Amino acid sequence: MIPYQIKKDIKVLLLEDNTADADLIVRHLTKSGLSFSSKTVESRKAFEEALDTFCPDIILSDYSLPAFDAGSAYKIIKDRELNIPFIIISGTIGEENAVMLIKEGVTDYVSKNNFSSLLQKITRGIKEAEELIEKEDLLQKLKTQTAALLIANQELEFQNAETEKRAVELLNANKELLAFNFISSHDLQEKNRKIQIFISIMMEKEMKTMTEDGKN
């Protein structure tokens, strides 16, 4: 299987109050060959503004900052329902806290003492985010198609009901026409029969005294 490769320049938002650590992360990503642009913030306000203006593809966050922390930052992501991979980079998080945050939905964590797996985890996070978007798009298309199908079915049911209604109306009209034809035919036959009877009587009783013109 061909390894997944990020197909675009990505935007990396760094939530980090230590300038040296932020520079170290940027240098490591550059050395790894990742094509990216980055922005570093260290407060809640700056973080929220960056979400609106920088629109990051991935977030790399220190676990604890003086006035902010990774848990609070990730809660903002969840509350906004943003599909942005969130990786914690810290030397003090502790495995128990890391596991707890991952259970809550954080993508992964990396120790500041070892960046060797960072690119791999960024790549995986971007891939999973893209796959989630594709699944959501597919689900939305399916919902749209299902709604259209339901409308089409309702229209078909309406048309079928109208067709059945028209068929019943036509059947009743045919019955009425047959009844009218029967009555009309019967009435005409009765008149013809009476005419024939009167002619027979005239021929029987008056034929001898009729002139030739009368007979004709």
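In sorting residues by class, Ala, Val, Leu, Ile, Met, Phe, Trp, Tyr, Cys and Pro count as nonpolar, Asp, Glu, Lys and Arg as charged, and the others, Gly among them, as polar. The views below show a predicted model, in which local features need pLDDT of at least 70 and side-chain atom pairs count only at pLDDT 80 or more, whereas totals for chains, interfaces and linings use all residues. Residues are numbered from 1 along each chain as its sequence is written, and side-chain values use heavy atoms, with hydrogens and water left out.

**View 1. The largest pocket and the residues of its lining.** The largest pocket (an open set of points on a 1 Å grid over the protein atoms alone, where a 1.4 Å probe fits, with protein on both sides within 12 Å along at least five of seven lines) has a volume of about 240 Å³, the volume being the space filled by probe spheres set on the points, which are joined across faces, edges and corners. Its lining consists of 15 residues, and those closest to the centre of the pocket are Asn-83, Ile-84, Pro-85, Thr-107 and Leu-132; a residue belongs to the lining when it has an atom within 4 Å of a point. Two elements, α3 and α5, each give two or more residues to this lining, where helices (H or I, at least four residues) and strands (E, at least two) are DSSP runs numbered from the N terminus. Helix α5 gives the most to the lining of the largest pocket, namely five residues. Sorted by class, the lining has seven nonpolar residues, together with four polar and four charged ones.

**View 2. Lys-112 and its salt-bridge partner Glu-16.** The structure holds 10 salt bridges, each being a side-chain nitrogen of Lys or Arg within 4 Å of a carboxyl oxygen of Asp or Glu. In the salt bridge between Lys-112 and Glu-16, the closest N and O atoms are 3.0 Å apart. This pair links distant parts of the chain, 96 residues apart, since Lys-112 lies in the loop between β5 (108-111) and α5 (118-206) while Glu-16 lies in the loop between β1 (10-15) and α1 (19-31). Glu-16 counts as buried because its relative accessibility is 3%, and the cut-offs are under 20% relative accessible area for buried, over 50% for exposed and in between for partly exposed, with a 1.4 Å probe and protein chains only.

**View 3. Asp-62, also in a salt bridge with Lys-112.** The closest N and O atoms of Asp-62 and Lys-112 are 3.4 Å apart. Asp-62 lies in the loop between β3 (58-61) and α3 (70-79) and Lys-112 in the loop between β5 and α5, so this salt bridge ties together parts that are 50 residues apart in sequence. Asp-62 is buried, because its relative accessible area is 7%.

**View 4. The salt bridge of Lys-121 and Asp-108, and a network.** In the salt bridge that Lys-121 forms with Asp-108, the closest N and O atoms are 3.5 Å apart. Lys-121 belongs to helix α5 and Asp-108 to strand β5, so the two tie together parts that are 13 residues apart in sequence. Lys-121 counts as buried at 18% relative accessibility, and Asp-108 is also buried, with a relative accessible area of 12%. Elsewhere, salt bridges that share partners join Glu-16, Asp-21, Asp-62 and Lys-112 into one network.

**View 5. Strand β1 with its neighbours β2 and β3.** Strand β1 is mostly covered, as five of its six residues are buried. Six bridges join β1 to strand β2 (residues 36-41), and the two run parallel; strands pair if DSSP finds at least two bridges between them. Lys-11 stands opposite Ser-37 in β2. The chain passes from β1 through α1 to β2 in a right-handed β-α-β crossover, meaning that, with the strands pointing away from the viewer, the path from the first strand over the helix to the second runs clockwise. Strand β1 also pairs with β3 in the parallel sense, over four bridges, and here Leu-13 stands opposite Ile-59 in β3.

**View 6. Cys-55 and Glu-81, which have a positive phi.** Most residues other than glycine have a negative phi, and most peptide bonds are trans. Cys-55 is not a glycine, yet it has a positive phi of about 50°; Cys-55 lies in the loop between α2 (44-53) and β3 and counts as partly exposed at 43% relative accessibility. Glu-81, likewise not a glycine, has a positive phi of about 55° and lies in the loop between α3 and β4 (86-90). Glu-81 is exposed, with a relative accessible area of 74%.
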